[in-house]
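Trainee: I would like to go through this model with you and ask, for each term we use, what justifies it.

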Amino acid sequence: MQFHILGPVGLEIGGQMVQLGATKVRGVLGILLLSPNTPVAVSTLERRLWDEPARSITGQKPVKGRDLPPNPYKTLQIYVTRLRAALKEANSPATLTTESRAYRLNVDPAIVDYHRFRALAAEGRRAAQQGDQDRAGTAFAAAIDLWQGPPLADLTTAWAQAQRDTLVNQDLLPAWYGLIDADLALGRHELARERLRPLLREHDTDETLAGQWMRAIAVVDGPDKLPGFFRAFSERVRAALDTDPGEQLVRLYDRLTRHEPPTMAAIAPANRKPRPTPRLLPRPTPYFTGREDVLSHLDTLLLHTDSPPVVAIDGPPGIGKSALVAHWASRHPFPTGTLYADLSGHSLTEPVAPAAVLTAFLGALDVPPDHVPSDVRAQVTLLRQLLADHRPLIVLDNVRDSDHVRPILAATGSCAVLVTSRQQLTGLVHRDGAHRIMLPRLARDDSVTLLRRRIGDARAAQDPRAVDDLVSLCDGLPLGIRIAAEHVAGRPDVPLHDLVVQLRRQRRILLDAGSQGDDDTVTLRAVFSCSYDALVPEARRLFRLLGLHPGIEFSAPAASALADLPLARTEQLLDILLGANLVEQRAADRYRLHDLIHLFAAELAAAEDPQTRRATIHRLLDWYLSSAINAARQADPNRVEVPPLPITSGIEPQRFHDAQEALRWAIAERPNLLAAVRYAASEDFHEHAWRLVGDFDDLLHRYGDPRELLEVHHIALESARAVNSKEGAAGLLNNLGFTYYFAKEYTQAARYLREAHLLYRELGDTYGEAMGLMNIATTAIELGELRSVVKMYEKAIALFDRIGHKAMKAHAYHRLGDAYRRMEQYDSAAKCYQTALRLRQELDHPRQADTLTAIGELHLTLGDLMPAMAYLEQALIFHHRALDERRTAEALEALATVYFRLNRFTDAIPRAAEAARLYRAINEPHGQARSLNLLAEAYHAVGDYSAARAHWSNAATLFRELNHPDADMVERRLARMSDADSPIPEPRTTPLTPRAAQPTGTDRPPA
């Protein structure tokens, strides 16, 4: 079975052609077969099936009788229906599916003759590069045999004719070149000559074929036959193209005839003027800054390669692609000049047709207007002949897609070519061997430099912080920085700080800044709109709805919930947005919108129908809440859940195979969940807001700074009160209290915990009452109120025992052990810890790691180093598995102390360093200072005094900021240190004694 487009479009089964219907039906099939398994927009199909002058990519007039029908969409639907029926009747493996305003032909490319041709031609090229000419010739011959006539022969539109020319010039002719080169290399000169006869009749000015012909007849007929052919060929080239044969062909002629080559004067008119050196490059962008790594890469690709490359540069709108190529090209002027064209692929005007670019380039090379051929194919041939020797740099700026530029590339094979586009030009990469560069955001330092250059160093120096804030608003987008700079420069009397505050509060100003002048097309809104307008309708809808996502980073499943589409279809649309560089892909299923592009999308979303907008937000919040519940359940099966909220939007939440997958998701989504709480409250989805915090609270506290959680806990508490949920309010008061506890604000913590305890008692919630009592006791320890805590813990244990909650009973025993340890009643502490460990091991509870750490620290306090090491190493296995940064840091700090006490300094160093890193990640300066101090002790013990000095210096700074008594001791050690000698020993500082016993669980019941 095979589909044909290299000739009449058709389907062959068992050697027989299947009847597929009328010409236009076969035309639809042919167009779809060119791009198998890819959605082809209805508008594209219409443009290719019928001539439409306003849309023609070739610039040619429509063929008579091929105008658009009155209702092209309805007519196209009829053709598609007939094609679908014909494929089904033929029992074809290909299926035709509808995707919004697009159609996709699902088919194996291996059964399409054109794609088989490309695969065979690629195999031939690889074989030739490897020196296997026999295999190369076989592959090229098999590829050429697939051509049964003009491609897409059923279509007579201007697009189809242009496509045929492109396929012949870029696919068929190179295959012939490869086959004949293989014949010549294998000594089959007569066969090569016979193959060349019909080719030269059809392509009588093709210099590659002419050179192969001369190589063949020089052997078969002798060098004496060459002068006549060469003279006739030169006359044809001059008559058809108004130029001379290239120097490469002249040199070949000289080598084959072994005498002086004919001079150009001998084969060209005496009055011919030399070709000009074109300099069409636009003026470089002022204030160009940075990009040295990309510029260096361009140097390597364009200046230091043997064969002329095609370099395709893509990136989001406003990222600086055009400025980059103009800057590079002006920095490296080619001796033979530069040909530049802006193809307006993404602009408010129609894209520039390739034919117009070819005409402009010919004019720049001094071809008179009346000598420029009207036929695109002839233009390509003429320009190719002129560029064969001239070889200027070609810059094709702002192209729409690969097809837009491909006819021009057919004429520029001898030249280095720079192409820019907002669209990823994967077609040029895969089919034409282009080198792709995706232009990243401008580095922060370069962004600051760019801004300072425009507004002036003097003004920037007045308020460096405002400069940094303005750069942050633009997030590395050069056009945004330049527009913001112009906005600031145009208001010299307004303080920079005031302008930045205005832009931060009213960020839409950034989208429209610059529109007050004489050109409103250079605003960010205008630039983004061009990319947005080029999308297919379904991709435009998804882009708008992404503006309703509370954060700039999101997952594919979250986007699926926003769009109310199946995940597979959502991923296809995200690929379209990715190809248009409107989104970035950060991981397998995670994406990011540039901050300003997200702002643009949000403004588009604001124009949505209010009912549609609210339904979309509802779906998204349902997805985040349901997914968070699934993650929390998987991470801790023993947790007590908040009262459920019915999910009515029909979303499919994220599901997790194991705790590790759930925890990784929690880490990735933590910023979005915090943003979702704020978003839900601001949009009056209070039931979602308080539950998001209540359900996800424990996982939120495993990573990052607890202080950043205070705001969302207050928001969630107000949401619970807004919907009069006393259960929610009680849980959130408790959670808020423990958030203050971890922020070391113990007085505030006690206040909220007591309020929660009273509300639990009012509700008759025994579990909550016991939890609140235990939490109050934990806070009382930090406030130095030790007398009553044992009784409170014992009462909490009794309450948990009464309701049969084994997990929390174990937790209360652990906390009671912490209290006894703080009171230096170590035997009682050990008994409580062992009871807690036994209960947790019976439940296979993940918090058994907390108890293992506590027992290890207790052994360290008592000087039992080997048992301490065993418990702590076992605890770390569980802590790493739980991805809990805080508890991992605590266990690492204790273990590093054990290794130090055992004089195993090289084992202590990496543990102390990792503990310091984790403490810094969660903004726990006390732990970070202790670990750095311990790290310095270990480095000093192994004789690395430079490292010891550096870590003691950092530790001293932190201790001093914390007003910690160890600051003086560490500073004295620094003052007495020498890089060469060990200082006089000092008493050990705090990190070499066990960390003061602290609560190891968050003890927050679900809200």
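Mentor: Let us begin with the sheet, bearing in mind that this is a predicted model: 5 strands form an open sheet in the order E8-E9-E10-E7-E11, and the pairing is parallel.

Trainee: What makes E8 and E11 the edges of this sheet?

Mentor: Strand E8 (338–342) and strand E11 (435–438) each have a single partner strand, so one side of each is left without a neighbour in the sheet. As for the angle between neighbouring strands, they are turned by 15° against each other on average, direction ignored.

Trainee: How do you know that E7 and E10 are paired?

Mentor: Two strands pair if at least two bridges are found between them, and strand E7 (residues 310–314) and strand E10 (residues 417–421) have 5 bridges, in the parallel sense. Within this pair, Asp314 stands opposite Ser421 in E10.

Trainee: Which helices pack on the sheet, and which strands do they touch?

Mentor: Helix H13 (residues 321–331) touches E7, strand E9 (393–397) and E10, and its direction makes about 160° with that of E10. Helix H14 (residues 354–364) also packs on the sheet, where it touches E8 and E9, with its direction at about 150° to that of E8. Touching here rests on heavy atoms within 4.5 Å.

Trainee: Why is helix H26 called largely enclosed?

Mentor: A residue counts as buried under 20% relative accessible area, and 8 of the 8 residues of H26 (residues 556–563) are buried, so the helix is largely enclosed by the rest of the structure. Among these buried residues are Pro557, Ser560 and Leu562.

Trainee: What do the buried residues of H26 pack against?

Mentor: They pack against helix H25 (537–546), strand E12 (553–555), helix H27 (567–579), strand E14 (590–592) and helix H29 (610–635).

Trainee: How many of the residues in the whole protein are buried, by percentage?

Mentor: Under that 20% cut-off, buried residues make up 56% of the 1007 residues in the protein, which has 45 helices and 14 strands. Regarding contacts with a separation of 6 or more, residues 24 or more positions apart account for 69% of them.

Trainee: What can be said about where the positive and negative charges lie on average?

Mentor: The mean positions of the 118 positive and 126 negative charges are 1 Å apart, in a protein whose C-alpha atoms fill a box of roughly 115 × 75 × 65 Å, taken along the principal axes.

Technical notes. Residues are numbered from 1 along each chain as its sequence is written. This is a predicted model: local features need pLDDT of at least 70, side-chain atom pairs count only at pLDDT 80 or more; totals for chains, interfaces and linings use all residues. Side-chain values use heavy atoms; hydrogens and water are left out. Helices (H or I, at least four residues) and strands (E, at least two) are DSSP runs, numbered from the N terminus. Buried means under 20% relative accessible area, exposed over 50%, partly exposed in between (1.4 Å probe, protein chains only). Lys and Arg count as positive and Asp and Glu as negative; His and the chain ends are not counted. The place of a charge is taken as NZ of Lys, CZ of Arg, CG of Asp or CD of Glu. Axes are lines fitted to C-alpha atoms, for helices over the stretch in contact, and angles run from 0 to 180 degrees between N-to-C directions.
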